[in-house]
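Visitor: I would like a close look at a single part of this protein. Please pick one helix and show me what surrounds it.

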Amino acid sequence: MGQSLVRLIHADDELTVVGGLEASNSDALGQDLGTLAGIAPLGVAATADPLELLAKAQAVIDFTTPAATVELAGIAAQASIVHVIGTTGFSDADEQALAAAARHARIIKSGNMSLGINLLAGLVQQAAAALGDDWDVEIFDMHHRHKVDAPSGTALLLGEAAAQGRDVALSDVRESQRDGNDTARAKGAIGFTALRGGSVVGDHDVIFAGDDEQIRLSHRAENRDIFARGALRAAQWGDTQKPGLYSMQDVLGLNTAS
């Protein structure tokens, strides 16, 4: 993702790469970010010092780990800059820390930065609200063999959209890992199915199954650049906003509650 971001920022006349953050034990430390991204040198080296990096930035785009993201959120809040978060897998304590940081930083956080996925989430919410719980909802995701979490953050984002459409908490209606002889679904359940294999970037389907008919809403990611493009759009949008915790639904103008 870092390489994609560097390439896309370099190609955009309105954006500038001012730095890149690497782990303290990374072989990339001190290397030119352009060289690492496979383009001409930019004269900007990878650093392990987030304080130095964020002090000269208007926005930080973060696809890292929960622990690193929480640390960056605190620094972004001190610097009063935009923090775009594509990291997933946060604990409740992490979420609370990010919400606290958003009192001073402009945080845009999403389980998927793709503009297409976030438009899909808006459609899922509308469909769930219109169809009600007489229609079963099943969310399918497939990713490459190396992905470690299931369901994916994107699948959960889509599940949250369906739950919001029905005005219920996803935690109360979520069904996962069906196996055995007692797997009949409960009325109103939102089910998840995860497949892992090959080099799949990310396929997601939301199936609304009613009596004698189905509706399928789908998205296929063909290149990871889509996540970088969405993150850059979020950063530019966030630059004009007040401090707060936002989602890509806000960036796309789909969140009527904001």
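**A close look at helix α6**

Guide: Let me begin with a residue outside the helix, as a reference for what exposed looks like. D167 has 70% relative accessibility, so D167 counts as exposed, the cut-off being over 50%. D167 sits in the loop between α7 and α8. Its phi is positive, about 60°, although D167 is not a glycine. Keep in mind that this is a predicted model.

Now go to α6, which covers residues 115-131. Check its length. The helix has 17 residues, and at 1.5 Å a residue they should span 24 Å. The end C-alpha atoms are 24 Å apart, so the model agrees with the expected value.

Next, look at which residues of α6 are hidden. The buried ones are I117, N118, L120, A121, G122, V124, A127 and A128. An α-helix has 3.6 residues a turn, so residues three or four places apart point the same way. Use that rule as you read along the list. The buried residues of α6 pack against α7, β9, β10 (213-221) and α10.

Follow V124 inward. V124 belongs to the largest nonpolar core, which has 22 residues. V124 is among the members that touch the most others, together with V137, I139, L158, I190, V206 and F208. Several elements give two or more residues to this core: α6, β6 (136-143), α7 (153-166), α8 (170-173), β8 (190-196) and β9 (202-210). In soluble globular proteins, nonpolar side chains tend to be buried together.

V206 shows how this core is joined up. Leaving aside neighbours within four places in sequence, V206 is in contact with V124, V137, E138, I139, L158, I215, R216 and L217. Another core, of 16 residues, lies apart from this one. Its members include L53, L54, A73 and A105.

Now turn to the surface. L119 and L123 join L254 in a nonpolar surface patch of about 240 Å². L254 lies in the segment after α10 (248-251). L254 counts as partly exposed because its relative accessibility is 34%.

Then step off the end of the helix. D134 is in the loop between α6 and β6. D134 forms a salt bridge with K187, with the closest N and O atoms 2.7 Å apart. K187 is in the loop between β7 (174-175) and β8, so the pair links distant parts of the chain, 53 residues apart. Side chains of opposite charge can pair when their charged atoms come close. Both partners are at the surface end of the scale: D134 counts as exposed at 57% relative accessibility, and K187 is exposed at 60%. Salt bridges that share partners join D133, D134 and K187 into one network.

One strand further on, E138 offers a contrast. E138 is in β6, and R185 is in the loop between β7 and β8, 47 residues apart. Their side chains meet in a salt bridge of 2.8 Å, N to O. E138 counts as buried at 14% relative accessibility, while R185 counts as partly exposed at 27%. E138 is also one of the contacts of V206. The whole structure holds 9 salt bridges.

To finish, look at the loop between β6 and α7, where P151 sits. The peptide bond from A150 to P151 is cis, with omega near -5°.

Conventions: Residues numbered from 1 in each chain as written. Predicted model: local features only at pLDDT ≥ 70, side-chain atom pairs only at ≥ 80, totals over all residues. Heavy atoms only, no water. Core = buried A, V, L, I, M, F, W, Y, C linked by side-chain atoms within 4.5 Å. Buried < 20%, exposed > 50% of the residue type's maximum accessible area, 1.4 Å probe, protein only. Helix = DSSP H or I, 4+ residues; strand = E, 2+ residues; numbered from the N terminus. Contact = heavy atoms within 4.5 Å. Patch = residues over 30% accessible without salt bridge, like charges linked within 9 Å, V, L, I, M, F, W, Y side chains within 5 Å. Areas by Shrake-Rupley, 256 points an atom, 1.4 Å probe, with all protein chains shown as cover. Salt bridge = Lys/Arg side-chain N within 4 Å of Asp/Glu carboxyl O. Expected span 1.5 Å × (residues − 1).
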